[in-house]
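Fire up your viewer and grab a coffee. Here are a few short exercises on helix packing and empty space, each with a worked solution.

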Amino acid sequence: MNTNDKIFVAGHNGLIGSAIVRRLIQDGYTRILTKNRSELDLTNQAAVKSFFEREMPDYIFFAAAKVGGIFANTTYRAEFIYENIMIQTNVIHCAFLSEVKKMVFLACGDVYPVNCPQPAKEECLLTGMLEATCEPFALAKIAGIKMCESYNRQYGTDFIVLIPPNIYGPKQHYDTLNAQVLPSLISKFHTAKVQNSEEVTIWGTGLPARDFLFVDDVADACMFLTKEYSGTDVFNIGTGNCGTILSLAEIVKETVRYEGKITFDIRKPDGVLQKLLDVSRIKELGWQHRTSLKDGVEITYKAFLDEIDKKAIRTSLICQTNVCEKDTVALKTISTNNGNAYVNEQPNTYKDRVVVKPWGYEFLVFENKVVAVWLLYIKKGYSTSMHCHPQKKTSLILLSGNAMSNTFLQRRYLRGGDAIIIEKGVFHSTKTLSDDGVFLLETETPPNKVDLIRLEDRYGRETIGYEGVTEMETKNLNEFDYFHYEESSPDTTYHHQNSRFSVTFEVFPNSDEFQRTFKVNGGELYTSCEGGLLDANNTALLSEGNTQKAEILKNARGLHISEKTILLKTLSNDIK
Ligand SMILES: NC(=O)c1ccc[n+]([C@@H]2O[C@H](COP(=O)([O-])OP(=O)(O)OC[C@H]3O[C@@H](n4cnc5c(N)ncnc54)[C@H](OP(=O)(O)O)[C@@H]3O)[C@@H](O)[C@H]2O)c1
């Protein structure tokens, strides 16, 4: 591999991908190709194909995948198998078509059977049943391994498979849905220290033993194999040793300098007693890990503090949706059948009223010529109809709770602080998963309340348009925590806050005022209700009706506005 080769790092924002990028830069590689998911969704076959045809990379480090802990793996089984198989199929096949010189594909230890003799050797693959909790994920990874092997055998490609154990390091997931053992421990001990708690409780007996490998060592193994190996073998990597969860907890406790005690919740399951990979194959080639667990945890905790400081811990997610063929067909069918023809009598204004829905309620928070902002409350277990707006785009921000957003193309799990941009004409529905319901904001561009087409509805409203005056409450608005900001108000800032979220409108009449008063903290989302934000190159970072993360704006160079701008700032207490 030469320093001027074109190298595609798939998943460069992730734990392992970011370590590979750091390492490539450190080693002097200058043509590193990276794409955010919003620029290139690797599950999208056509997009991946045209990316490879355009870029023709020489090498690929394939560290993109849908990854998660036990909770995520057991809950989102369909996504784990679907997305990983899609990502792998697209990338591996295109890597072959575009004749890359070498690719390193990252699998994981879950591919080995649950009763595999320890330490697990590479030959153990496909010799027994997989662990039930992560079976869909493991099966997808096995398909990836076998794809690499099959392409190598049939076409002589040079696709190398690496099987790492638990990996940890800077940029790991700390959120409750996705965190794995070590990040969970760091976050638990740190919180206990900050809150002066007397004890930290660990799930299970603390006796299961695992191997933990520092992420820079994974990057090192990737570089090593790329340079030193060609062939069809699969390689385990790891330290070759494992320690108990208790011993790991003690290292974390010491690193964090937490003074309290460790207790165990033995009602929680332990999982497999030992998981260790046999690393003799790669050792024979001359590779060995370098970072001790103590040093690695120290570096990771420092990075964790730094990430908290910069409020850069990965939390919010902004997803994009686009119209697909199914949307177009569904819309056409409904129009042909005269669906949604009947619209109830509408009021002159939606201000000072709450629209009562079968699934909860909604009310208008703000409206001008550009956008209308609505607050929605959806009760537990309820969902909005599968509907679309042919004329307007919606920026949906989850203010609190967990929800599932469905379109024809994708199912997304969203938490407080996440957002989804739904383009015109995309059929979608939102279902509440949290016990206490979800609050969300929808910014609709342009405002148009009767632009509603329902396809399927649990409450029988398929042929009925938007709720009319009889379904609108105009009294007792305080019971709904009603709030509303008027554009004509002399106040240039309006703030509403409760125990779950805060919503703020900020009006910037001109550039000077913006430079003087605009301040980004971190964790919040910004939506433009008029005007937009540009960076030093006049690239739009936030345009009308769209939503952007604070972190992107905070790191932008020369952030400015070119006209009067109204920003909606939202902060979910779920991500504080
Ligand atoms: N972490 C471990 O303990 C561990 C252990 C063994 C093996 N591995 C393997 O190593 C690989 C990387 O893991 P990781 O821990 O670095 O995971 P990670 O931190 O979750 O990173 C995964 C990356 O993949 C990207 N990605 C996911 N779906 C995508 C899509 N549809 N299109 C484009 N990009 C997409 C993510 O993008 P976003 O940033 O947009 O989400 C993220 O940057 C995985 O194959 C995993 O199985 C990990």
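**Exercise 1: H6 against H10**

Work out which residues of H6 meet which residues of H10, keeping in mind that this is a predicted model.

*Solution.* Start on the H6 side, where Leu 182, Ile 186, Ser 187, His 190 and Lys 193 make the contact. Their partners in H10 are Val 297, Thr 300, Tyr 301, Phe 304, Leu 305 and Ile 308. Sort these by class and you get seven nonpolar, three polar and one charged residues. Now for the geometry: the axes of H6 (residues 181–194) and H10 (residues 293–309) come within 11 Å and cross at roughly 60°. The crossing is right-handed.

**Exercise 2: H2 against H4**

Decide how H2 and H4 are oriented relative to each other.

*Solution.* First get the angle: H2 (residues 45–55) and H4 (residues 77–97) pack at about 30°, with axes 10 Å apart. Angles under 35 degrees count as roughly parallel, so H2 and H4 are roughly parallel to each other. Next, the handedness of their crossing is right-handed. Finally, H2 brings Gln 45, Val 48, Lys 49 and Phe 52 to the contact, and H4 brings Asn 90, Val 91, Cys 94 and Ala 95.

**Exercise 3: Empty space**

Find how many cavities of 30 Å³ or more the whole structure has, then describe the largest cavity.

*Solution.* The search turns up four. The largest cavity holds about 180 Å³ of space. Its lining has 15 residues, with Lys 357, Trp 359, Glu 362, His 387 and Leu 452 nearest the centre. By class, that lining splits into four nonpolar, four polar and seven charged residues.

Key: Residues numbered from 1 in each chain as written. Predicted model: local features only at pLDDT ≥ 70, side-chain atom pairs only at ≥ 80, totals over all residues. Heavy atoms only, no water. Axes fitted to C-alpha atoms, helices over the stretch in contact; angles between N-to-C directions. Helix = DSSP H or I, 4+ residues; strand = E, 2+ residues; numbered from the N terminus. Left-handed = near helix turned anticlockwise from the far one by under 90°. Contact = heavy atoms within 4.5 Å. Nonpolar A, V, L, I, M, F, W, Y, C, P; charged D, E, K, R; others polar. Parallel < 35°, antiparallel > 145°, perpendicular 65-115°, else oblique. 1 Å grid on protein atoms, 1.4 Å probe; cavity = no way out; pocket = protein on both sides within 12 Å on 5 of 7 lines; lining within 4 Å. Points joined across faces, edges and corners; volume = space filled by probe spheres on them.
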